[in-house]
Amino acid sequence: MSKFKDLYNADITRYRGKPEAYIRIFHFLYRKAAVASFIPMRLLYKALFRIWANRRGLELTANQQIGGGIYIGHAYNITINSKAKIGRNCNIHKGIVIGQVNRGSRKGCPTIGDRVWIGINSAIVGNVTIGDDVMIAPNSFVNVDIPSHSVVFGNPCVIKHRDWATEGYVNNIVE
């Protein structure tokens with residue numbers, strides 16, 4: 001199968017295969033803009049994606065490194081720095097910020113692993129690494145590395161180890 005079909009199908013499967021129309025449009029335009037090889041078509045998809053994203057307050061680019069199976073719950077007011085990397089089967093919710101720090105020891109952008117659940121109004125900033133199977137509770141501020149199999153909450157963030165941290169939260173995983 002083509003890269004587009006693999007990524008798009010992985011994304012749609014996360015919604016139990018029945019997402020609302022605006023979610024289907026988002027994933028279609030996002031993945032087409034990222035993988036189209038014919039330059040005029042890529043530019044068209046990028047323009048359509050930008051129009052669609054602006055209507056929802058989404059600040060992300062078609063050049064993002066986001067693995068297959070991304071789930072966006074309540075696709076409004078989401079900001080993701082263009083240099084941030086997000087793994088497979090991640091859940092992103094309304095009001096989150098994944099941003100860059102421009103000075104100090106954490107200068108740079110986050111790298112987020114697989115099966116990460118990011119709650120409403122959370123912020124992940126700086127050159128930090130979020131491991132696999134991590135749950136970031138709503139309204140959390142993360143500016144430190146988070147090991148795999150953790151639950152994170154608060155500001156400043158508190159990290160608690162928990163095996164299967166995202167069980168019941170990250171569902172319909174596509175391998």
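**Notebook: fold, helix packing and loop residues**

I counted the secondary structure elements and found three helices and 15 strands in the protein chain, where helices (H or I, at least four residues) and strands (E, at least two) are DSSP runs numbered from the N terminus. I note that this is a predicted model, in which local features need pLDDT of at least 70 and side-chain atom pairs count only at pLDDT 80 or more, while totals for chains, interfaces and linings use all residues. Residues are numbered from 1 along each chain as its sequence is written, and side-chain values use heavy atoms, with hydrogens and water left out.

**Overall dimensions**

I looked up the radius of gyration, taken over C-alpha atoms, against the globule rule of 2.2 Å times the number of residues to the power 0.38. The value for the protein chain is 16 Å, close to the 16 Å that the rule gives for 175 residues, so the chain is as compact as a globular protein of that length. Along the principal axes, the C-alpha atoms fill a box of roughly 45 × 35 × 25 Å. I also noted that 47% of the 175 residues count as buried, meaning under 20% relative accessible area, with exposed over 50% and partly exposed in between (1.4 Å probe, protein chains only).

**Helices**

For helix 1 (residues 3-13), I listed Phe-4, Leu-7, Tyr-8, Ala-10, Asp-11 and Ile-12 as the buried residues, and these pack against helix 2, with contact meaning heavy atoms within 4.5 Å.

I then turned to helix 2 (residues 21-35) and helix 3 (residues 39-56), which pack at an angle of about 140 degrees with their axes 8 Å apart; the axes are lines fitted to C-alpha atoms, for helices over the stretch in contact, and angles run from 0 to 180 degrees between N-to-C directions. Among the residues that meet here are Phe-26 and Leu-29 in helix 2, and Phe-49 and Trp-52 in helix 3.

**Loop residues**

I checked the backbone in the loops and found a cis peptide bond joining Asn-155 and Pro-156, with omega about 5 degrees; Pro-156 lies in the loop between strand 14 (150-153) and strand 15 (158-161).

Asn-77, in the loop between strand 3 (71-73) and strand 4 (78-80), has a positive phi of about 55 degrees although it is not a glycine, and this residue is partly exposed at a relative accessible area of 45%. Asp-133, in the loop between strand 11 (129-130) and strand 12 (134-136), also has a positive phi, near 55 degrees, but Asp-133 counts as buried at 2% relative accessibility.
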